[in-house]
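Here is a walk through the side-chain contacts of one protein chain. We go from the core outward, by way of rings and charges.

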Amino acid sequence: MKVLILPGDGIGPEIVAQAKKVLEVLKKDGLDLELQEAPLGGAAYDQYGSPYPEFTQNLARAADAILLGAVGGPQYDKLDRPLRPERGLLAIRKDLNLFANLRPAILYPELANASTLKPEVVSGLDILIVRELTGDIYFGQPRGIRTNEAGEREGFNTMLYAESEIRRIGHVAFQAAQKRGKKLCSVDKANVLETTEFWKEIMTDLAKEYPDVELSHMLVDNAAMQLVKAPKQFDVVVTGNIFGDILSDEASMLTGSIGMLPSASLDVNNKGLYEPSHGSAPDIAGKDVANPLATILSVAMMLRYTFNNEAAAQRVENAVKKVLADGLRTADIYEEGTTKVSCSAMGAAVVAAM
Ligand code: NAD
């Protein structure tokens, strides 16, 4: 199994170094892993003059899974748009056809105070948002700004989903639900938008192939309310690109600790790009204070979704739970009565707990 590591920019190299230690333990214990490394984003621009150079493209296409730190930094803000680090991220997602974005929002009981919601509402929260990433109103044609027949300027976009696009994201979501609490909530706006009425019809049809998963439907406005009112009612949520963009950010903020949240973007064969949900945090880069747990938990997602190795995924997740239960905290999740540790010390503690 070929894993390509893309440290990226800012805190990327620091947090990825900790996740790499975890991969090395798994390798030593018998997992057949081949680790490679390449630059992406600003680091790739510095070395090759492009945020997603051919060197990285070739390794990314040949890899089974990819682990990314984060990209971006103020030193690149003045570059022409096509050369900016973020373009590297968009380019690799597009190049590898990563259409399914999986973002868990998990709140470990030890960190319940980090949330702005009452601890009893969020403690033990464990939701997975499955967002379609390559279709919907973000990509539908025609689109633009024009002058209409009455001579007034207007902006317009097209919300559009082909049946095959809905089916493939539906399969990812049902299969993810099978690996978890077996409950799937499909979010739509079927009362107003035909595109999502069609979405609902296809999800209902797909449910026949997954009799062990309980499918429900919810309107997006209600879903936004329910996420803050009673978030623990959800197991897996599946939705289109635009609703998923908003709901996944809302769900991640329920936890209050961005440094804890992993993510996965998958193609149709479960090849995946795994990365923390946060950015490159230039304000704390190079200080060995970043939280590496989101990146380490991204490795657990890789083991679960690309390598289908639930035991190894749980081994990594249990090690993270153990260090939190032992009271170890990086600065972003520190509170009185716990022990503040550096990024590298947190990585070492997870490895020891494994
Ligand atoms: P950010 O997520 O990098 O940082 C927001 C805040 O959270 C900062 O105060 C930062 O110190 C803190 N933070 C983030 N990750 C942390 C961690 N692991 N441990 C402790 N604290 C952490 O978002 P931003 O400041 O808006 O963006 C900074 C750069 O990152 C920009 O160049 C942006 O384009 C880029 N970015 C990249 C990605 C990505 O690579 N996927 C995503 C978002 C932003």
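A charge sits over a ring if NZ of Lys or CZ of Arg is within 6 Å of the ring centre and within 35 degrees of the ring normal. Keep that rule in mind while looking at Arg-146, which lies over the face of Phe-156 at 3.7 Å from the ring centre. Lys-340 gives another case: its charged end sits over the ring of Tyr-334, 5.0 Å from the centre. The model in view is a predicted one.

Now turn to the interior. In soluble globular proteins, nonpolar side chains tend to be buried together. Here the largest nonpolar core has 85 residues. Which members touch the most others? They are Leu-26, Leu-102, Val-130, Tyr-274 and Leu-303. Helix 10, residues 293-305, is the top contributor to this core, with nine residues. The core also takes at least three residues from each of two domains: domain 1 (1-99 + 267-354) and domain 2 (104-259).

Val-130 is worth a closer look. Setting aside neighbours within four places in sequence, Val-130 contacts Asn-101 and Leu-102. Its other partners are Ile-169, Val-172, Ala-173, Val-236, Val-237, Val-238 and Thr-239. A second core is separate and holds 16 residues, among them Ala-38, Leu-68, Ile-92 and Leu-273.

Next come the aromatic pairs. The structure has four of them. Tyr-45 and Tyr-76 have ring centres 6.5 Å apart and planes at 80°, so this pair is edge-to-face. Tyr-45 belongs to helix 2 (residues 42-48), and Tyr-76 to the loop between strand 3 (65-70) and helix 4, so the pair ties together parts 31 residues apart in sequence. Are these two residues buried or partly exposed? Tyr-45 is partly exposed, at 24% relative accessibility. Tyr-76 is buried, at 6%. The cut-off explains the split, because buried means under 20% relative accessible area.

Phe-174 and Tyr-210 make a stacked pair, with 4.8 Å centre to centre and 5° between the planes. Phe-174 is in helix 6, while Tyr-210 is in the loop between helix 7 and strand 9 (214-219), 36 residues apart. Phe-174 is buried at 0% relative accessibility. Tyr-210 is buried at 6%.

That leaves the charged pairs. Side chains of opposite charge can pair when their charged atoms come close. The count of salt bridges is 17. In one of them, Lys-20 meets Glu-37 at 3.3 Å, N to O. This pair joins helix 1 (residues 12-28) to strand 2 (residues 34-37), across 17 residues. Lys-20 is partly exposed at 25% relative accessible area, and Glu-37 is partly exposed at 42%.

Asp-95 and Arg-61 form another salt bridge, at 2.9 Å, N to O. Asp-95 lies in helix 4 (residues 85-95) and Arg-61 in helix 3 (residues 54-62), so parts 34 residues apart in sequence are tied together. Both ends are partly exposed: Asp-95 at 27% and Arg-61 at 44%.

Asp-205 and Arg-167 also meet in a salt bridge, at 2.9 Å, N to O. Here helix 7 (residues 194-206) supplies Asp-205 and helix 6 (residues 163-178) supplies Arg-167, with the two positions 38 residues apart in numbering. Asp-205 is partly exposed at 28%, and Arg-167 is partly exposed at 21%. These two residues belong to a salt-bridge network that also includes Glu-163 and Lys-208.

Terms used
Residues are numbered from 1 along each chain as its sequence is written. This is a predicted model: local features need pLDDT of at least 70, side-chain atom pairs count only at pLDDT 80 or more; totals for chains, interfaces and linings use all residues. Side-chain values use heavy atoms; hydrogens and water are left out. A nonpolar core is a set of buried Ala, Val, Leu, Ile, Met, Phe, Trp, Tyr and Cys residues joined through side-chain atoms within 4.5 Å. Buried means under 20% relative accessible area, exposed over 50%, partly exposed in between (1.4 Å probe, protein chains only). Helices (H or I, at least four residues) and strands (E, at least two) are DSSP runs, numbered from the N terminus. Domain bounds come from an automatic or database domain assignment. Contact means heavy atoms within 4.5 Å. A salt bridge is a side-chain nitrogen of Lys or Arg within 4 Å of a carboxyl oxygen of Asp or Glu. Rings of Phe, Tyr and Trp (its six-membered ring) pair if their centres lie within 6.5 Å; planes under 30 degrees apart count as stacked, over 60 as edge-to-face and the rest as tilted.
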